[in-house]
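Biologist: I have a structure open and some labels I want justified. Can you take me through the reasoning, term by term?

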Amino acid sequence: MTDGDGTTGAESTQRDGTERGRRDVVVPMRLYKTVTVFSTLIAVVSVVFGFMLLDAATLNVSFLGSIVTGGLSVLGVSIADGVVSTALAIVGLAVIGFGAGVYTLGTRFRARGMGKSQEDSDEDSE
């Protein structure tokens, strides 16, 4: 907000509060708990598995990397180590990003009766 935009502080706060309120989804407590538990679980598992894939991409002695190359050789597919490492790294980063996205979407839910976050409150910080 600048001095010359023609809005007052109260109008800006009201407009921002309305825009932020649209992002939250108010659900019953049981659904809130379910969403919170499963989004956190999916996020943690995704991040751990993504880092395992990154580890497999960077180390030649990795357990997961040897499983992938062993599985490809059983199928009769011969792929260079650099290609396998690159693919594992890309998939690992994608899985970590997926976990972060699930967690971010899970934080948009709140139960009825829950107070708004401090960012949404009308209290002055001064």
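Biologist: What is the handedness of the crossing of α3 and α4?
Modeller: In this predicted model, α3 and α4 cross in a right-handed way. A crossing gets that label because the near helix is turned clockwise from the far one by less than a right angle.

Biologist: Why are α3 and α4 called oblique to each other?
Modeller: Take the angle. The axes of α3, residues 63-74, and α4 cross at roughly 125 degrees. Roughly perpendicular covers 65 to 115, and roughly antiparallel needs over 145. The angle of α3 and α4 fits neither range, so the pair is oblique. Their axes come within 11 Å.

Biologist: Which residues make that contact?
Modeller: G65, V68, T69 and L72 come from α3, and D81, V84 and L88 from α4. By class, the contact of α3 with α4 has four nonpolar, two polar and one charged.

Biologist: What makes D81 count as charged, and G65 as polar?
Modeller: Asp is in the charged class, and Gly is placed among the polar residues. D81 belongs to the α4 side of the contact, and G65 to the α3 side.

Biologist: How do you know whether D81 is buried or exposed?
Modeller: Its relative accessibility is 57%. Exposed means over 50%, so D81 counts as exposed. D81 lies in helix α4. Its C-alpha is 9.2 Å from that of A57, with the two positions 24 residues apart along the chain.

Biologist: What makes α2 and α4 roughly antiparallel?
Modeller: α2 and α4 pack at about 165 degrees. The cut-off for roughly antiparallel is over 145, so the label applies to α2 and α4. Their axes are 8 Å apart. The crossing of α2 and α4 is left-handed.

Biologist: How do the residues of the contact of α2 with α4 divide by class?
Modeller: That contact has 19 nonpolar and eight polar residues, and no charged ones.

Biologist: What is in the largest nonpolar core?
Modeller: Seven residues: L53, A56, A57, L64, V84, L88 and V95. The elements giving two or more of them are α2 (29-58) and α4 (81-106).

Biologist: Why would such residues be found together?
Modeller: In soluble globular proteins, nonpolar side chains tend to be buried together.

Biologist: How do you know whether L64 is buried or exposed?
Modeller: L64 has a relative accessible area of 16%. Buried means under 20%, so L64 qualifies. L64 lies in helix α3. Beyond its neighbours within four places in sequence, L64 is in contact with F49, M52, L53 and A56. The C-alpha atoms of L64 and L53 are 7.3 Å apart, though eleven residues separate them along the chain.

Biologist: What does V95 touch?
Modeller: S46, F49, G50 and L53, leaving out residues up to four places away in sequence. V95 and L53 are both members of the largest core.

Biologist: V37 is a valine. What makes it buried or exposed?
Modeller: Its relative accessible area is 52%. The exposed class starts over 50%, so V37 is exposed. V37 lies in helix α2. Its C-alpha is 9.0 Å from that of G106, 69 residues away along the chain.

Biologist: How many helices and strands does the chain have?
Modeller: Four helices and two strands. Their order along the sequence is α-β-α-α-α-β.

Biologist: What share of the 126 residues is buried?
Modeller: Buried residues make up 21%. Among contacts with a separation of 6 or more, 73% are between residues 24 or more positions apart.

Note on methods: Residues are numbered from 1 along each chain as its sequence is written. This is a predicted model: local features need pLDDT of at least 70, side-chain atom pairs count only at pLDDT 80 or more; totals for chains, interfaces and linings use all residues. Side-chain values use heavy atoms; hydrogens and water are left out. A nonpolar core is a set of buried Ala, Val, Leu, Ile, Met, Phe, Trp, Tyr and Cys residues joined through side-chain atoms within 4.5 Å. Buried means under 20% relative accessible area, exposed over 50%, partly exposed in between (1.4 Å probe, protein chains only). Contact means heavy atoms within 4.5 Å. Axes are lines fitted to C-alpha atoms, for helices over the stretch in contact, and angles run from 0 to 180 degrees between N-to-C directions. Angles under 35 degrees count as roughly parallel, over 145 as roughly antiparallel, 65 to 115 as roughly perpendicular and the rest as oblique.
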